[in-house]
Every structure is written in structure tokens, then in C-alpha cells.
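Let's take a walk through this fold, one piece at a time. Have the structure open and follow along.

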Amino acid sequence: MPAEPKLSKIMDVSLTRSCNYDCSYCNQRQELDQPMYDLSESKRKIMSNQRRKGPEWIAGLNAFPYKADYDKLIFSGGEPSLHGDFFEIVTQVKGWRSKLIVTNLSFDVQKLIAACAREKTKVIVQPSFHFEFSQFDEFTGKLDKLRAAGLLSNFIPVSIVHLPDRAESLDYRDQFRRRGYNASLYRFEGYYKGKFSYAPLDGFGGIKETKEVLYSSCVQPVKPNGDIVYCTTDTYSEDCVNYGNICDQHYLPIPNEITIRDYGHRHISAASWTRARQPQTGERIWQGKNFRHRTTSTRLRNFLENKNYSWLAAAKHTVNTLQNKLKKDRPENQTNLD
Ligand code: SF4
């Protein structure tokens, strides 16, 4: 099989698996050892949540010698702000192309703004509005402060999961727009009320039969204990292969593609970042919407996202609308809904 260009890679550091919310649609409910069912029927699954302290994260991420291989560094969770040294970590880690926080925005944004000013650094906040727990007025008040400080993502200023039977998703999307925020609706991934959506069931649905595939991931997750793993699926497993540990400052080479034998039991949250191919022919079985190579257009996209231009949200909305129109009749329509 011919060599392919480099992947556009993201390092996704989960500072903690804990969360102060308990959304009924949280995909951290999926059990890997049984068929996937409606997520609201099970509990949030927290695997090992042994956490590293702030100074360990700061030293490890600052010393990481392969930063240039990654287009972004994301701090996520659970809810990353529940880490006791959250503000220090996100502002004292430096030298990456861009830093992003994926959050439910339950933290005090004024503290983040002050810490960024103190450290003379920028971290872009990409908040999700979880309507079962967040209050609209409080949430938008925080968006106002972040936007004024230049820390709110203009690429994805607010995201809301679209649940087909919940009017709130659309209602809140419209309320955000009236308030001046171009909220994006995201397709729910997994089983919902008996229907499986987004990824192929025979890869991510936890069916009985598993198969061997060539597998590749654009996201390199890092567990709360600092272990670097291959794909998000591995963050739900205690005994997966790791590629070193950020906080121990010990790193191993990470292959572009590996062979896995459990395609059928991969975690749904890995689906959008990954690609699966037939081992013999290299024929593509699945490719998620966020699986990208480092092409000119990906570099441009990353450049614009890092610059965080104020017109990005409107531009992205227009592009998504066009893509959705073009792909409307295709079952694999993967773009965001709006
Ligand atoms: S805020 Fe996110 S991590 Fe927390 S319960 Fe909701 S969906 Fe899950």
C-alpha cells in the first residue's frame, strides 16, 4: 500500500474523568464489553481516575519533544476545570501551536481571564451547552466575558448536542443566535431511543462479532494519569498499550496505523477521529468527519482556528449549510447539522 501524508494530529489531555454534570446523553456511559444501548440507561463510566498534579502536567507538557507533530493541544475530561490546578495547567503550559479547553463552562471564567493575562498566554475556550444542567443566562454571561477577553472560540463558540426528540436542542440554538452566538448543533453519536446513528454499527456498536482492521486515529488521548494511548477507546480500558507517559516524561514512537482485532467494540467517542481499512486490500471501511491529513486545506483550517478571527462562526455555519445541502441524500452525511 502506498505511503500516505502525515495525519493532522491532536493531543487530547483528559485532566480528570470526573464531571459535575450527569447528562443523560453523555457518551461516557458506553460499556465496551456489551452491545451498545441507549446511553441514558447506564451510569457514567469512570475508569481509573488517578490524577497527576499541576506541576507534573506543566513540566511534562512543556518538555514534550514532539509538540510540532500536533496541530492542537486540547484539555478535556470529564470536566477539565474540576482539576484542582486547572488554571495553572492551562496557562503555564506553553509552546504548542494552539491550546483549547473543551468544557461545560461551569467554572469561574474571570479566573481564567486573569490567569491568561498573568501568564501572557492565550487558551481558546470551546464550550458545550448542556441544557439538562446549565442555566442560559449564566452561561451567556460567561460567553460575553470570554469573548471580550478574546478567549472564546469563534470557530465553535457554543455546541449543543442534537437529540431528535428533545425540543430544547433547537430552542436553545435559536436563543443563542438571538443573543449573538452562532451555536452549532452536533449530531448525537450512538444509540438513542433504539436507533444507532453516525458511525457504522459493526465498528462502534458493540456487536458480538469483532474483526481485524487497520486502524488509525487523529487524536492521541492522554489519560488523567499521564499515559499516552492510541485512541479514545483505550481511555476506557485499564490494560491497553500505552506510548509513554507525559508526566513521567517518557515517550515511545506512535505509529500512523495499527492493526486492531476488536473492530466492533470500539468506543463511540472514537468514531469521528478514526479510520478503519481492510487489512488485505487497504480498502476503506470507515472514516470519521475529524479524520484528516495534513493537507493545505487542513493547515489553512488550523491556521484560521488558531487566529480565532471573529467572522469564523458565521463562515463555518455557511460552509456546513452548503455541505449538508450537497450531502443531504447520502446516508453517511457527517457534517454538523447546522
Ligand atoms: S458535561 Fe459532558 S462529560 Fe459531563 S456529563 Fe455532560 S456530556 Fe458527560
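Keep in mind that this is a predicted model. A good place to start is Ile 74, whose bridge partner in β3 is Leu 100. Zoom out a little and you'll see β3 pairing with strand β2, residues 70-76, in the parallel sense, over 3 bridges.

Now look at β3's pairing with β4. Strand β3 covers residues 99-103 and strand β4 residues 124-127, and these two also run parallel, with 4 bridges between them. Here Ile 101 sits opposite Val 125 of β4.

How do those pairings fit into the whole sheet? Reading across, the order is β4-β3-β2-β1-β10, an open sheet of 5 strands with parallel pairing. At the edges are β4 and β10 (219-222), each of which pairs on one side only. Neighbours in this sheet are turned against each other by 25 degrees on average, if you ignore direction.

Next, the helices. Helix α3, residues 109-119, joins β3 and β4 in a β-α-β unit, and that unit is right-handed. The same α3 also packs against helix α4, residues 136-148: the angle is about 10 degrees and the axes are 10 Å apart. Since angles under 35 degrees count as roughly parallel, α3 is therefore roughly parallel to α4.

Who makes the contact? On the α3 side you'll find Val 109, Gln 110 and Ile 113, and on the α4 side Lys 142, Lys 145 and Leu 146. Sorted by character, the residues of this α3 and α4 contact come out as 3 nonpolar, 1 polar and 2 charged.

Notes. Residues numbered from 1 in each chain as written. Predicted model: local features only at pLDDT ≥ 70, side-chain atom pairs only at ≥ 80, totals over all residues. Pairing = 2+ DSSP bridges. Right-handed = clockwise from strand over helix to strand, strands pointing away. Axes fitted to C-alpha atoms, helices over the stretch in contact; angles between N-to-C directions. Parallel < 35°, antiparallel > 145°, perpendicular 65-115°, else oblique. Contact = placed C-beta atoms within 7 Å. Nonpolar A, V, L, I, M, F, W, Y, C, P; charged D, E, K, R; others polar.
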